Amino acid sequence: MSAVEIRAARPLDAGTVGAILGANVDATPWLPRVHSRAEEVMFAADMIDAGWVTTARTDAGVVGFLALQDTEIQALYVAPEAQNRAAGTALLNHAKARHRRLGLWSFAANSGANRFYERAGFRPVQHTDGAGNDVGLPDIRYEWYADKETL
């Protein structure tokens with residue numbers, strides 16, 4: 001994969017962002033599909049319109065995105081074929097460079113993502129049974145705080 005460029009999403013990115021979200025649902029056997037593909041694109045468009053979405057681009061186009069509402073990461077997804085090639089790290093580092101703290105929720109079953117977040121300095125602060133999320137799966141609350149020397 002070529003170098004990763006991080007930049008704000010544009011309205012025309014909604015289809016690709018929605019497709020990346022859907023491809024991750026399709027690639028995750030334990031994750032039930034609760035939204036249609038059209039709803040995923042609409043969700044992506046809403047997040048982009050709100051100014052939350054940053055994209056990771058390579059020569060292949062948009063390969064990942066991060067949706068950040070204030071200091072809360074609402075979504076971080078990389079296309080399955082582009083995972084483990086620096087796009088997720090670039091997106092997360094971009095957000096970390098702009099904030100003193102970040103928080104997010106991750107499904108407990110998403111062991112790969114949880115390892116990724118913990119390697120990036122996020123710490124688990126709460127575990128739930130999933131009653132508060134839209135798919136009913138146990139999840140973990142992660143938080144990251146900037147090291148004072150890095151700011």
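In this predicted model, R7 finds its bridge partner in β2, where T55 stands opposite. The two strands involved, β1 and β2 (residues 53-58), run antiparallel to one another and are joined over 4 bridges. They belong to an open sheet of 7 strands with mixed pairing, and its order reads β1-β2-β3-β4-β5-β7-β6. The sheet is bounded by β1 (5-8) and β6 (123-128), edge strands that each pair on one side only. From one strand to the next, the twist averages 30°.

A good place to continue is β5, which is mostly covered, with 5 of its 7 residues buried. The chain arrives at β5 from β4 by way of α3, in a β-α-β crossover that is right-handed. The pairing between β4 and β5 is parallel and extends over 2 bridges; here I73 has L104 of β5 as its bridge partner. With β7, on the other hand, β5 pairs in the antiparallel sense over 7 bridges, and W105 stands opposite R141 in β7. In a regular strand, side chains alternate between the two faces of the sheet.

The connecting helix α3 (87-96) lies across β1, β2, β3, β4, β5 and β7. Relative to β3 (61-69), α3 runs at about 35°.

The loop between β4 and α3 deserves a closer look, as both N84 and A86 are found there. Most residues other than glycine have a negative phi. N84, although not a glycine, has a positive phi of about 65°. The residue is exposed, with a relative accessible area of 81%. A86 likewise has a positive phi, near 90°, and is a residue other than glycine. At 44% relative accessibility, A86 counts as partly exposed.

Turning to the helices, α1 (residues 14-26) consists of 13 residues and reaches 18 Å from its first C-alpha to its last, close to the 18 Å expected at 1.5 Å a residue. The buried residues of α1 are A14, V17, G18, I20, L21, G22, N24 and V25. These buried residues pack against another helix, α2 (37-49), and against the strands β2, β3 and β4.

Helix α4 (residues 111-119) has a buried set made up of A113, N114, F116 and Y117. Viewed down the axis of α4, these buried residues fall within an arc of 160°, so they line one face of the helix. The spacing fits a general rule: an α-helix has 3.6 residues a turn, so residues three or four places apart point the same way. What covers the buried residues of α4 includes the strands β4 (72-78), β5 (101-107) and β7 (139-145), together with the helix α3. Both β4 and β5 thus appear again here, among the elements covering α4, as does α3, the helix through which the chain crosses between those two strands. After α4 comes G121, whose phi is positive, near 95°.

Definitions and conventions:
Residues numbered from 1 in each chain as written. Predicted model: local features only at pLDDT ≥ 70, side-chain atom pairs only at ≥ 80, totals over all residues. Heavy atoms only, no water. Buried < 20%, exposed > 50% of the residue type's maximum accessible area, 1.4 Å probe, protein only. Arc of directions from axis to C-beta. Contact = heavy atoms within 4.5 Å. Pairing = 2+ DSSP bridges. Axes fitted to C-alpha atoms, helices over the stretch in contact; angles between N-to-C directions. Right-handed = clockwise from strand over helix to strand, strands pointing away. Expected span 1.5 Å × (residues − 1).
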